[in-house]
Amino acid sequence: MREPEIELLCSQLASYYVFPDTANEIANVLRTRLAEGAYADASDDEDFAARVTEDLQSVNGDKHLRLLYSETEIPETDQESVWDAVAYRKEAELDAFGIRKIERLEGNVGLLELSLLHDAEVATPAITAAMNLLAHTDALIIDLRKNGGGDPNTVALVCSYLFDEQVHLNDIYNRPDDSTQQYWTLPHVPGPKFGGTKPVYVLTSGRTFSGAEELSYNLQQNKRATLIGETTKGGANPGERYRVGPHLKSSVPNGRAINPISGTNWEGVGVVPHIEVPADKAFEVAYEKATSS
């Protein structure tokens, strides 16, 4: 009954998943589970997606690898990936481009809370405005405790305001075209920078994921920030989404991050903060340090 969806998903894994050998293992798991009837009594597409996601992640624990349920119907197009640029821009606008809070706290401490790192193509003006407003604070707290990730170009944009010189931040290997893209801080940014010498504190939690982990890891590896909170979720393999059915789409990682300093990334292990405290205590610790430095 669910064979067409499983076979299409296995095909997508074979074509795009960043680790081809693992893709074969995962496909074998899915086909075995299908034959066992593991999906036969799924109550609906949402239940089916949850069961398949558990099996997708059972081999190597890749949290980016998922089958997603979509309440709205996913149209068939001639594009391989599922992407509606117009709908996404509207979504980003309604989300205030991921900026949850921007504030100058007593003691001239800046606070920037980001819930998503939306694509730089749409988010750059908002991120630029936020960083300009915070440029003249004496210390900066970046709250990523509820941040689910986003665009590495937006990560690079944020980092560009926190260094005085160009810095090689990250590389991402892409399997489909067998290429590696480098990400650097930008040579020039609009408006004033916070700069590379004043203290920066990054708040993390077990929910901090993907691009938010990259931002944390980049700053940690370059010794530019103090990370405070909990070890992050552990997802370093970015990818695309592909149509599996009218209300189903796959999230298949086709790349992996490679930090130029460590030579590795945070996949499966998360980013370990410098100061480990429960997430709900991280702000207090950071603010105390920011006002006493």
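Ala225 lies in the loop between H7 and strand E8 (226-229), and this residue is a convenient place to enter the structure, which is a predicted model. At 7% relative accessibility Ala225 falls under the 20% limit, so it counts as buried. From there the briefing turns to two open sheets, one of six strands in the order E2-E3-E4-E7-E8-E12 and one of three strands in the order E6-E5-E11, and then to a helix pair and two further loop residues.

**Around Ala225**

- Leaving aside neighbours within four places in sequence, Ala225 is in contact with Val200, Val202, Leu219 and His274.
- Ala225 and His274 are 49 residues apart in sequence, while their C-alpha atoms are 9.3 Å apart in space.

**The six-stranded sheet**

- The sheet is open and its pairing is mixed, with the strands following one another in the order E2-E3-E4-E7-E8-E12.
- E2 and strand E12 (275-276) stand at the edges and have a single partner strand each, so one side of each is left without a neighbour in the sheet.
- E2 and strand E3 (residues 109-114) run antiparallel and are joined by six bridges, and within this pairing Glu103 has Leu111 of E3 as its bridge partner.
- Helix H8 (residues 282-292) lies across E2, E3, strand E4 (139-143), strand E7 (200-204), E8 and E12, and the helix runs at about 175 degrees to E7.

**The three-stranded sheet**

- Strands of a sheet pair through backbone hydrogen bonds, either parallel or antiparallel.
- In the open sheet with the order E6-E5-E11 the pairing is antiparallel.
- E6 and E11 stand at the edges with a single partner strand each, so one side of each is left without a neighbour in the sheet, and the twist averages 25 degrees from one strand to the next.
- Six of the seven residues of strand E5 (residues 168-174) are buried, so this strand is largely enclosed by the rest of the structure.
- Towards strand E6 (residues 179-184), E5 runs antiparallel and is joined by six bridges; Tyr173 stands opposite Thr180 in E6, and the bridge partner of Asn174 in E6 is Ser179.
- The hairpin of E5 and E6 has four residues between the strands, and in this hairpin Asp178 takes a positive phi near 50 degrees.
- Towards strand E11 (residues 255-258), E5 is again antiparallel, here with four bridges, and Ile172 has Ala257 of E11 as its bridge partner.

**The E9-E10 hairpin**

- Strand E9 (residues 239-245) and strand E10 (residues 248-253) run antiparallel and are joined by six bridges, while the hairpin between them passes through two residues.
- Within this pair of strands, Glu240 stands opposite Val252 in E10.

**Helices H6 and H7**

- Two packed helices are described by the angle between their axes and the distance between the axes.
- The axes of helix H6 (residues 152-160) and helix H7 (residues 211-221) come within 9 Å and cross at roughly 35 degrees, and the crossing in which H6 passes H7 is right-handed.
- On the H6 side the contact is made by Pro152, Val155, Val158 and Cys159, and on the H7 side by Gly211, Glu214, Leu215, Asn218 and Leu219.
- These contact residues divide into six nonpolar, two polar and one charged.

**Two further buried loop residues**

- Asp95 is found in the loop between helix H4 (85-94) and strand E2 (99-105), and because its relative accessibility is 14%, under the 20% limit, Asp95 counts as buried.
- The side chain of Asp95 makes a polar contact of 2.5 Å with the side chain of Arg100, and a polar contact of 2.8 Å joins the side chains of Asp95 and His118.
- Not counting residues up to four places away in sequence, Asp95 touches Arg100, Ser115, Leu116 and His118.
- Asn237 has its place in the loop between E8 and E9, and because its relative accessibility is 1%, Asn237 counts as buried.
- The side chain of Asn237 makes a polar contact with the side chain of Glu267 at 3.3 Å.
- Leaving aside neighbours within four places in sequence, Asn237 is in contact with Phe19, Asp62, His64, Pro253, Gly255, Arg256 and Glu267.

Conventions: Residues numbered from 1 in each chain as written. Predicted model: local features only at pLDDT ≥ 70, side-chain atom pairs only at ≥ 80, totals over all residues. Heavy atoms only, no water. Axes fitted to C-alpha atoms, helices over the stretch in contact; angles between N-to-C directions. Left-handed = near helix turned anticlockwise from the far one by under 90°. Contact = heavy atoms within 4.5 Å. Nonpolar A, V, L, I, M, F, W, Y, C, P; charged D, E, K, R; others polar. Buried < 20%, exposed > 50% of the residue type's maximum accessible area, 1.4 Å probe, protein only. Polar contact = N/O pair within 3.5 Å; in protein donor to acceptor, adjacent residues only side chain to side chain. Pairing = 2+ DSSP bridges.
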